[in-house]
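Q: Please take a close look at one part of this model, the place where the two chains meet, and describe how it is built.

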Amino acid sequence: MTSADHQATHDAVKHSQRHEGPQKHIIVFIFSIILTAIAFAAVIAGGVNTAFTVLFLLLMAIIQVLVQMGYWMHLKDRGHMMPIIFMIGGFFVAGTAIVTALYWVWW
Amino acid sequence: MSTTHAETVDGALPHEPEKATLEGRNKVLSFWLFLGGEAVLFGTLFATFLALRNQTNEGPTANELFSFTTTALATLILLVSSLTSVFAVQAMHRHNVAKLRVWLIVTVILGLGFLGLEIYEFSEYVIAEKFGMTTSAFSSAFYTLVGFHGAHVAFGVLWISVLIGQLFKKGLTVVTAPKVYVSAMYWHFIDVVWVFIFTVVYLLGKVG
């Protein structure tokens, strides 16, 4: 390989590895702040029936967590099949424990 | 060429140094398995809390104790620290060790701020509100869940501080990069758990 070839491959590699900017992470941050503010506002305002508020708060939390795990923890990037399986497994057991505990105290 | 860089064929640190070696990739993958286990740990603590949160034993209730201001401030601090650890990893991908260290230091300072706020909050509950670990089933479940999260923050602060020291000593290499990446994942996970804590413990406590 000549020196010129080497330089060419090097440039090609450099090009394909262009760094992502901070923009999309700042958008995720602002999105998280907004979801949090909505959740706080819903509780402070009150008035609406409790069951609806509870479901609404949980929905806000789940959306925020999914977005943060997707972008900040890179779960949406390719090559993350096993991590996703690990996390779904963890959340499945966690969810089972929560449902069981609630079932046990409510009925 | 700087000797602090683990050399590839042409002597440069690869673009994503945390994934450059098999050991690095294995470290990242197995850390996800650990985080899956952490999800189970916190899931069971949430289950306990949800089951016992109304058993106040004539002690203070969630609605009497919690303040929106403290919760919002803690949430903001942790959310910003999660963003600064994203910036740390981005600086690492640009091989900018100086910036990487600065963002990690900012993350640690914010983590300490969160811990300080939580210690203040707990001490208010214990001293002013007479809400101790053994006051009620609600208080035990509350301190166990939120305290476990606080302990994770404390561990993260120690861990990242040690990593900052290592970055000063050894620089950014294919050995130190996976450690930084994995610690950032840990820090994001702590923030993710906090999202559920402020929702389920604090906001639901205010709803009733």
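A: Contact here means heavy atoms within 4.5 Å, and helices are DSSP runs of at least four residues, numbered from the N terminus. The model is a predicted one, and what follows should be read as a description of that prediction.

On the contact criterion, 44 residues of chain B touch 47 residues of chain A. The area buried between chain B and chain A comes to about 4,000 Å², with carbon and sulfur atoms giving 83% of that area. Within chain B, the residues that lose the most area to chain A are His15(B), Trp32(B) and Leu79(B), which together account for 16% of what that side buries. Between chain B and chain A there are zero salt bridges, and two residue pairs are in polar contact, both at pLDDT 80 or more.

Chain B has six helices and zero strands, and its C-alpha trace spans about 70 × 30 × 25 Å along its principal axes. To the side of chain B that touches chain A, at least two residues each are supplied by helix H1 (22–52), helix H3 (68–93) and helix H6 (176–207) of chain B. H6(B) gives the most to that side, with 15 residues. By class, the side of chain B that touches chain A holds 29 nonpolar, 11 polar and four charged residues.

H6(B) can now be followed to its partners in chain A. The axes of H3(A), which covers residues 50–71, and of H6(B) come within 9 Å and cross at roughly 170 degrees. Angles over 145 degrees count as roughly antiparallel, so H3(A) is roughly antiparallel to H6(B). Among the residues that H3(A) brings to this contact are Thr50(A), Val54(A), Leu57(A), Leu58(A), Ala61(A), Val65(A) and Met69(A), while those of H6(B) include Asp191(B), Val195(B), Phe198(B), Val200(B), Leu203(B) and Val207(B). The residues of the contact of H3(A) with H6(B) divide into 15 nonpolar, five polar and one charged.

A second partner of H6(B) is helix H2 of chain A, residues 23–45, which packs against H6(B) at an angle of about 20 degrees with the axes 9 Å apart. Angles under 35 degrees count as roughly parallel, so H2(A) is roughly parallel to H6(B). Here Thr36(A), Ala39(A), Phe40(A) and Val43(A) of H2(A) meet Phe198(B), Leu203(B), Lys206(B) and Val207(B) of H6(B), and the residues of this contact comprise six nonpolar, one polar and one charged. Phe198(B), Leu203(B) and Val207(B) thus appear in the contact with H2(A) and also in the contact with H3(A).

The two helices of chain A also pack against each other, at an angle of about 170 degrees and with their axes 10 Å apart, and H2(A) and H3(A) are therefore roughly antiparallel to each other. Their contact includes Val28(A), Phe31(A), Leu35(A), Thr36(A), Ala39(A) and Val43(A) on H2(A), and Phe56(A), Leu57(A), Met60(A), Ile63(A), Gln64(A) and Tyr71(A) on H3(A). The residues of that contact divide into 13 nonpolar, five polar and one charged. Thr36(A), Ala39(A) and Val43(A) take part in this contact within chain A and also meet H6(B), and Leu57(A) and Gln64(A) of H3(A) likewise belong to the contact with H2(A) and to the contact with H6(B).

Note on methods. Residues are numbered from 1 along each chain as its sequence is written. Chains are lettered from A and ligands numbered from 1 in the order in which they are written. This is a predicted model: local features need pLDDT of at least 70, side-chain atom pairs count only at pLDDT 80 or more; totals for chains, interfaces and linings use all residues. Side-chain values use heavy atoms; hydrogens and water are left out. Buried area is the accessible area (1.4 Å probe) that two parts lose on being put together, summed over both. A salt bridge is a side-chain nitrogen of Lys or Arg within 4 Å of a carboxyl oxygen of Asp or Glu. A polar contact is a pair of N or O atoms within 3.5 Å; within protein, one must be able to donate a hydrogen and the other to accept it, and residues adjacent in sequence count only if both atoms are side-chain atoms. Ala, Val, Leu, Ile, Met, Phe, Trp, Tyr, Cys and Pro count as nonpolar, Asp, Glu, Lys and Arg as charged, and the others, Gly among them, as polar. Axes are lines fitted to C-alpha atoms, for helices over the stretch in contact, and angles run from 0 to 180 degrees between N-to-C directions. Angles under 35 degrees count as roughly parallel, over 145 as roughly antiparallel, 65 to 115 as roughly perpendicular and the rest as oblique.
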